Amino acid sequence: MSRTLSQSDLKLLWYKSGGRCAVCRKELSLASNGGIIGEMAHIVAHSDNGPRPDSDSKMSNRDSYENLILLCPTHHTEIDQDVNNWPVDRIMRIKKEHENWVHDALSAPIDSSSSCASSKCLFVLSGPSGAGKDVLIHRLIRRLESNRHSATNLRRFTTREPRPDEISNTPFTYLSYNEFMKRVNMKEIGCVHTSLGHTYGCDHHFSEESPPSTAIFYSMRAYNFLPEIKREAESVMMNVRNILVLADNDSIRSRILMRSASSRDKLERIETSLNELSWLKMNEDFKETFFDKIVDNSDMSRLRETEEEIYKYVIYTLDEISELRTWWSSRTRRFT
């Protein structure tokens, strides 16, 4: 079969991919010698003798944009050599997710001052109770601000009573159930979920008052609601990164037992958290697919290291979004 890659399909692929590898998001625009280093890989093999041949595919033109993905040379080689780990449906999903990410990152005007929402990023720290999510968020915000970066904690709402150690510096606003639901109906609270008999939610407006290039943090235990908060944030052109914070069983127990909650509440949380850890261990595919970064915060000696790891990731992500939007702005006319 001869290859007939049309210029229109190639331009569309580069345009929708933002000039980046769909797997690692490395910029592919130019090599040191001035040449293009991006590679246009076939998802369904170009011929029946190639990797991922699909005799059932109804695709009439395997050289079309729909069957191409933009990759760096390293990942092009990897997906073609390890076909069992890179089936057609996985590559299609990665292509779609990457193009959605590019679109969301670049939708707001570069020179907008008040509507520059796409330069903000919501970092959702998920993990079982006792993994240290809120401690990490508090330290990350303090460190970012000390280094002149804009950072904030997304407002959180709950129907549970405050614990004695949460009187000051708490991320929560405590409401009665009726007041909570009233604010939900007024669309002030979004992503409503229940945990251990209490209702939780977050600021539906995703901190509209925060300035551009802001790192916004939120912690959440209910993994099944992560897609919902991602959809809500992306609907207002905000980038989202999901970070999974894990800890071992002993760390989980000791941290929860140190809290000022009742013994019953502690035991319930320990049981729930250990069940979550077991579920996560049995669902490695979910972990690797859904989360953008996974960190281990098993004991106090790891806290500084974990903080440093997430901090570097946050800075890298904010820089990446800024660079990508600048790249898009300078090249939009070339690809349209």
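Is D248 buried, exposed or partly exposed? That was my opening query, and I noted down that D248 counts as partly exposed, because its relative accessibility is 34% and the partly exposed class runs between 20% and 50%. I should say early on that I am looking at a predicted model.

**Entry: around D248**

I looked up where D248 sits and found it in the loop between β10 and α7. Its side chain makes a polar contact of 2.8 Å with the side chain of S251. Then I skipped the neighbours within four places in sequence and checked what else D248 touches: L277 and S298 are in contact with it. I also took a C-alpha distance, D248 to L274, and got 8.9 Å for two residues that are 26 apart in sequence.

**Entry: helix α8**

L274 and L277 sent me to α8, since both are on its list of buried residues. The helix runs over residues 263-282, which is 20 residues. From first C-alpha to last it reaches 29 Å, close to the 28 Å expected at 1.5 Å a residue. I wrote down the whole buried set: D265, K266, R269, I270, S273, L274, E276, L277 and L280. These cover an arc of only 155° around the axis, which puts them on the same side of α8. On the other side I found R264, L267, E271 and M282 exposed. What covers the buried residues? I noted β8 (198-203), β10, α7 (249-257) and α9 (284-290) among the elements that do.

**Entry: strand β3**

Next I picked β3, residues 121-126. All 6 of its 6 residues are buried, so I put the strand down as largely enclosed by the rest of the structure. In a regular strand the side chains alternate between the two faces of the sheet. I checked each face of β3 with that in mind: C121, F123 and L125 are buried on one side, and L122, V124 and S126 are buried on the other.

Which strands does β3 pair with? One is β9 (residues 214-220), in the parallel sense over 6 bridges. There F123 stands opposite F217. Another is β10 (residues 239-246), again in the parallel sense over 6 bridges. In β10 I found N239 as the bridge partner of C121.

**Entry: S150 and T214**

S150 lies in strand β4, residues 150-153. I get a relative accessible area of 24% for S150, so I have it as partly exposed. Its C-alpha is separated by 4.8 Å from that of T214, although the two are 64 residues apart along the chain. Their side chains are joined by a polar contact of 3.0 Å.

**Entry: helix α1**

I went back to the start of the chain for α1, residues 7-17, where D9, L10, L13, W14 and S17 are buried. Seen down the axis, they fall within an arc of 130°, so they line one face of the helix. Q7 and S8 are exposed on the other side of α1. Just after the helix comes G18, and I noted a positive phi for G18, near 65°.

**Entry: the whole protein**

Last, some totals. I count 10 helices and 11 strands. Buried residues make up 47% of the 336 residues. Of the contacts between residues at least 6 apart in sequence, 72% join residues at least 24 apart. The accessible surface comes to about 17300 Å², and 49% of that belongs to carbon and sulfur atoms.

Notes. Residues are numbered from 1 along each chain as its sequence is written. This is a predicted model: local features need pLDDT of at least 70, side-chain atom pairs count only at pLDDT 80 or more; totals for chains, interfaces and linings use all residues. Side-chain values use heavy atoms; hydrogens and water are left out. Buried means under 20% relative accessible area, exposed over 50%, partly exposed in between (1.4 Å probe, protein chains only). Helices (H or I, at least four residues) and strands (E, at least two) are DSSP runs, numbered from the N terminus. Two strands pair if DSSP finds at least two bridges between them. The expected span of a helix is 1.5 Å times one less than its number of residues. The arc is that of the directions from the helix axis to the C-beta atoms. Contact means heavy atoms within 4.5 Å. A polar contact is a pair of N or O atoms within 3.5 Å; within protein, one must be able to donate a hydrogen and the other to accept it, and residues adjacent in sequence count only if both atoms are side-chain atoms. Accessible areas come from the Shrake-Rupley method with a 1.4 Å probe; for residues, only the protein chains shown count as cover.
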